[in-house]
Protein chains: 2
Amino acid sequence: MKVRNLLGERLKDVSDESGVKSQILMTKGGYMKPVGSGIYSFYMPTQRISRKIQKILREEMDAIDGQEVLFPVVMPASLWQSSGRYTSIGSEMARWNDRSGNPMVLGMTHEEAAVHLADHTAKSHAQYPFMIYQIQTKFRDEPRARGGLIRVREFTMKDAYSFHTSQADLEAYYDKAYVAYERIFRRAGAKNVIAVKSDSGMMGGKISHEFMLLADIGEDTLVICPECDYRANMEVADCIINNPDEAESPLTKVATPTQKTIEEVCAFLGRKHDSTAKAVVYQENDTDKYVIVFLRGDLEVNETKLRNYLKKEIHPATEILPDSGIVAGFIGAYNLKANATIVYDKSLVGKKDLVIGANEVGYHYVGFNPERDLETKPEYVDVAKTAEGGICPVCGKPVLNIRRGIEVGNIFQLGDKYTKSMGMTYLDADNTEKYPIMGCYGIGVGRLIASICEESHDDYGPIWPMSIAPWQVEVCNLRVTDEKVKATAEKLVSDLESKGVEVLYDDREVRPGFMFADADLFGIPVRAVVSQKTCERGVVEVSTRDKTLKTEFSLQTASEEIASLVKKMLDELNN
Amino acid sequence: MKVRNLLGERLKDVSDESGVKSQILMTKGGYMKPVGSGIYSFYMPTQRISRKIQKILREEMDAIDGQEVLFPVVMPASLWQSSGRYTSIGSEMARWNDRSGNPMVLGMTHEEAAVHLADHTAKSHAQYPFMIYQIQTKFRDEPRARGGLIRVREFTMKDAYSFHTSQADLEAYYDKAYVAYERIFRRAGAKNVIAVKSDSGMMGGKISHEFMLLADIGEDTLVICPECDYRANMEVADCIINNPDEAESPLTKVATPTQKTIEEVCAFLGRKHDSTAKAVVYQENDTDKYVIVFLRGDLEVNETKLRNYLKKEIHPATEILPDSGIVAGFIGAYNLKANATIVYDKSLVGKKDLVIGANEVGYHYVGFNPERDLETKPEYVDVAKTAEGGICPVCGKPVLNIRRGIEVGNIFQLGDKYTKSMGMTYLDADNTEKYPIMGCYGIGVGRLIASICEESHDDYGPIWPMSIAPWQVEVCNLRVTDEKVKATAEKLVSDLESKGVEVLYDDREVRPGFMFADADLFGIPVRAVVSQKTCERGVVEVSTRDKTLKTEFSLQTASEEIASLVKKMLDELNN
């Protein structure tokens with residue numbers, strides 16, 4: 001391919017509002033063009049990267065006995081009604097009526113379609129287990145598409161669905177999928193991907209893992225133990241608090257005339273944050289009923305854990321009604337007369353001398369001991385966020401790291417949520433009808449491309465790993481008007497191509513600086529420069545995009561040496 | 001792949017309402033499952049066929065300098081408003097509002113997206129020509145999906161768009177695309193595909209060709225000259241009529257008290273159909289205004305040609321109003337007082353003694369001579385359908401054949417319809433801004449699969465061409481419980497696979513008749529049978545699905561011989 005014929009424009013500057021490097025560099029490099037919010041068209045280089053990733057995905061899915069199938073993008077609403085998700089999923093699902101007035105949806109995931117395809121065809125236990133997968137376009141009407149390909153509305157995704165006759169069989173397969181995922185990311189050249197325990201969200205099921213590429217711009221917060229194997233999404237990470245033994249004090253009301261926030265109250269009373277019990281007020285989405293969470297004053301509420309505990313959708317309280325019994329700024333667990341669900345976080349266990357609000361404007365209590373002072377013994381639940389240096393729930397060491405990550409893949413143990421709701425059964429060996437149990441396994445192609453760019457770039461452009469680079473070698477001809485240089489460069493291109501090397505050839509009559517700036521944006525891993533000077537000396541200048549190699553090869557052997565360099569760089573990723 | 005693990009059910013019987021063999025056989029064979037009207041999920045065999053066709057499409061598009069890109073399925077309505085097609089296309093386009101209330105559409109074709117992607121990046125004439133293509137899901141809300149994959153609502157399509165600076169350059173590229181299309185169909189094993197001149201319909205532009213696979217169930221009517229190169233869709237085929245010289249007669253009113261139809265009038269008056277001028281009444285869709293077509297009584301109106309002549313959408317008249325001046329059953333061109341557009345077909349040229357209606361109940365005229373009897377000389381246009389044995393507009397011989405075909409591909413010269421309406425320009429060598437001119441080129445993958453099945457099957461199942469078969473060889477093990485047979489069959493499978501041959505292996509404990517019936521439905525081109533008997537004799541029974549070969553290979557050489565048979569069958573399609 002010649003750069004002069006390649007559609008797509010390299011831009012000098014793009015606006016940098018997002019701070020997402022992959023978006024900036026891929027926009028500058030002519031990889032994509034926005035068609036609408038979170039909707040892109042892709043130029044040839046991106047499509048080549050995408051197809052290479054798809055090839056890796058297919059090979060690894062086939063290697064764990066996957067059968068590639070295809071589900072439709074457009075589905076009748078009735079299919080989603082059969083699982084109950086037509087109502088349980090909100091406005092992120094695109095809905096419309098076809099010309100006959102039938103309600104339709106656009107697929108944002110395909111559990112229902114997978115059960116529909118397998119139903120009636122896997123009737124005997126002997127046909128299990130099996131896994132089906134597809135690579136298909138999906139649409140999810142994200143409220144805030146952001147960061148280029150990191151969070152879009154339309155995307156290409158590999159999604160896989162496995163069917164089993166026992167939890168043990170699902171778990172064995174889940175482990176195989178886990179390993180396949182590790183291989184996929186390694187082969188694609190993503191270096192900093194870790195698997196974390198995660199929340200199953202709208203997918204249902206209990207056990208799930210997210211594969212997270214560590215990056216500061218990531219939307220997810222990860223909890224990582226450097227001392228053991230523990231890794232979890234903050235959303236589900238246990239918060240372990242071992243409060244030191246402390247002396248009791250009498251419960252005493254104190255005037256705090258203008259002190260409302262934790263900071264103000266602590267400063268006024270000379271206490272530390274961790275000797276207070278702060279109150280955070282939420283409301284149930286459906287009923288507006290208040291939910292008050294009490295937790296140690298130095299901690300934050302983990303809303304996902306709170307939601308999972310309540311089994312209800314909630315949001316931070318938007319308004320405290322005067323007749324609610326809630327006195328904002330002075331809320332305390334003692335003598336609280338409010339029509340609200342009260343939740344005590346585990347961080348209060350063992351506390352005997354807490355500062356709390358007095359449910360009265362201008363007053364707090366000190367010396368609050370929940371076990372002693374509350375009429376009903378509180379039930380403590382874990383709804384707090386753990387923090388940097390927090391205690392690892394597995395090895396118990398106070399060494400937790402908090403990092404940011406981009407979710408590049410996920411795997412779920414779904415159980416029988418979908419087969420049961422949709423009535424799919426098989427005949428088991430004991431002659432009874434049973435519901436198969438399922439796993440599902442997703443990787444978004446575009447987000448993986450952007451994530452790899454996020455971790456593999458410099459100021460001048462992406463540094464694509466050899467396995468997914470749009471081309472393997474870029475040949476730069478610095479003097480196309482010179483017949484000898486032209487002939488030399490073109491022979492190098494055709495020698496490389498005859499060896500199966502993918503070459504991007506730049507023979508435009510432009511300044512070397514301009515050509516190299518474009519080459520940096522193309523991010524091709526190996527660059528070969530042919531100029532008058534190199535021709536005179538009988539060599540080709542060869543360097544790698546990541547700057548770890550800069551050398552010269554003799555013209556006689558250049559194509560062999562470059563081809564073996566390419567092979568070596570590929571092998572490093574495949575092994 | 002083992003049949004025992006393959007998801008998808010072979011059915012004994014399926015209802016046969018459509019009469020479309022590919023639908024019946026592919027449904028019986030477990031190739032697909034309907035999810036909604038015209039919406040399918042596809043099992044592994046179909047997806048493998050599809051991917052092989054996609055590979056051929058990519059190779060042939062790349063060979064004519066195509067750049068693979070990707071456009072989105074979901075597009076903002078504004079993109080389609082910019083070309084004017086948001087209003088000109090009707091309810092076949094799926095429309096909906098996203099969560100923010102923005103009107104969106106699902107892509108049914110991607111001219112607008114192609115112009116959007118190329119705009120601003122191809123600013124200089126030096127960057128032309130170029131071609132971009134994608135393979136992507138499309139949705140077209142067909143009112144009547146039918147015939148399985150022949151006419152669906154959701155489909156996978158290869159669509160390509162070329163951009164040029166001159167009509168001559170477009171035409172030269174169009175010819176290359178034409179040849180590429182011939183190669184694609186040949187390589188995919190479609191034998192009876194012909195290119196016909198066609199109507200450009202909603203695409204705009206002037207010159208276009210459809211690639212038609214000849215099949216009785218086809219929705220299109222084709223006009224083919226066996227004596228020269230002339231091939232056209234009936235919709236655009238010229239109807240050439242050379243009326244023999246005939247004597248004049250006086251215009252005479254005759255009573256036809258109960259005779260209204262051409263048949264009745266001809267029988268009553270002892271005339272032939274071709275000596276009458278029949279009237280066919282249409283109405284304009286917008287205004288209900290009548291359009292009356294007069295043509296020779298033995299011919300039919302070609303509504304596409306009529307529509308193109310009028311530049312208006314029309315439909316057969318649903319009601320003749322009493323005050324319209326139209327006397328149904330007695331309409332004639334002489335003394336006609338009707339508020340209608342009158343169209344005279346060319347088939348009336350030279351007629352001097354026609355039977356026509358007298359615009360009066362119970363009467364006709366004989367001896368009508370348009371040139372003599374009409375006050376205003378009529379303008380004749382060609383709006384008639386040609387017929388079997390009609391005159392070829394190119395070589396002039398009265399030998400035309402009328403056949404049915406399935407449209408498996410199309411190519412269009414679009415001109416500047418899209419670049420002009422969307423304001424895409426480039427700077428030409430003469431320093432003026434100009435609109436690029438475009439061509440577009442489509443092939444639907446699913447319809448091609450079904451069409452090939454339509455021409456390549458027997459009563460028992462599809463006969464897939466080697467190039468697109470889901471697997472190349474099926475190995476049938478007739479006695480899996482016999483250790484020696486099992487070992488022999490498994491060695492054959494692994495020997496074949498190590499030679500790169502794709503094998504479907506059936507080792508189920510089922511009756512041979514059952515296994516062979518399934519094998520017929522899989523349609524794998526080469527079958528190798530291993531049984532106790534063949535093992536004892538040291539051979540493998542090898543046959544082709546099309547029954548042209550049935551032989552035995554020695555066990556020692558079977559894998560080599562089968563592999564070379566596969567290669568030979570592949571080569572036959574690729575050359």
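A crossing of two helices is right-handed if the near helix is turned clockwise from the far one by less than a right angle. Keep that in mind for the first stop. The model on screen is predicted.

**Stop 1: two helices in chain A**

Select residues 483-498 of chain A, helix H12. Add residues 558-574 of chain A, helix H15. Their axes come within 9 Å and cross at roughly 45°. An angle between 35 and 65 degrees counts as oblique, so H12(A) and H15(A) are oblique to each other. H12(A) passes H15(A) in a right-handed crossing.

Now show the side chains. From H12(A), pick A:Leu492, A:Asp495 and A:Leu496. They meet A:Ala558, A:Ser559, A:Ile562 and A:Ala563 of H15(A). Five residues of this contact are nonpolar, one is polar and one is charged.

**Stop 2: the two chains together**

Zoom out and show chains A and B. A turn of 180° and a shift of 0.1 Å along the axis lay chain B on chain A, with an RMSD of 0.1 Å. The two copies are thus related as by a two-fold rotation axis. Which residue of chain B comes closest to the rotation axis? Select B:Trp96, whose C-alpha lies at 2.7 Å. Both copies use the same surface: 100% of the contact residues of chain B recur in chain A.

**Stop 3: where the chains touch**

Select the contact: 46 residues of chain B are in contact with 46 residues of chain A. On the chain B side, the elements that give two or more residues include helix H2 (44-63), helix H5 (111-118) and strand S7 (130-139). Colour that side by residue class: 27 residues are nonpolar, eleven polar and eight charged.

Technical notes:
Residues numbered from 1 in each chain as written. Chains lettered and ligands numbered in written order. Predicted model: local features only at pLDDT ≥ 70, side-chain atom pairs only at ≥ 80, totals over all residues. Axes fitted to C-alpha atoms, helices over the stretch in contact; angles between N-to-C directions. Helix = DSSP H or I, 4+ residues; strand = E, 2+ residues; numbered from the N terminus. Parallel < 35°, antiparallel > 145°, perpendicular 65-115°, else oblique. Contact = placed C-beta atoms within 7 Å. Nonpolar A, V, L, I, M, F, W, Y, C, P; charged D, E, K, R; others polar. Least-squares fit on C-alpha atoms with pLDDT ≥ 70 in both.
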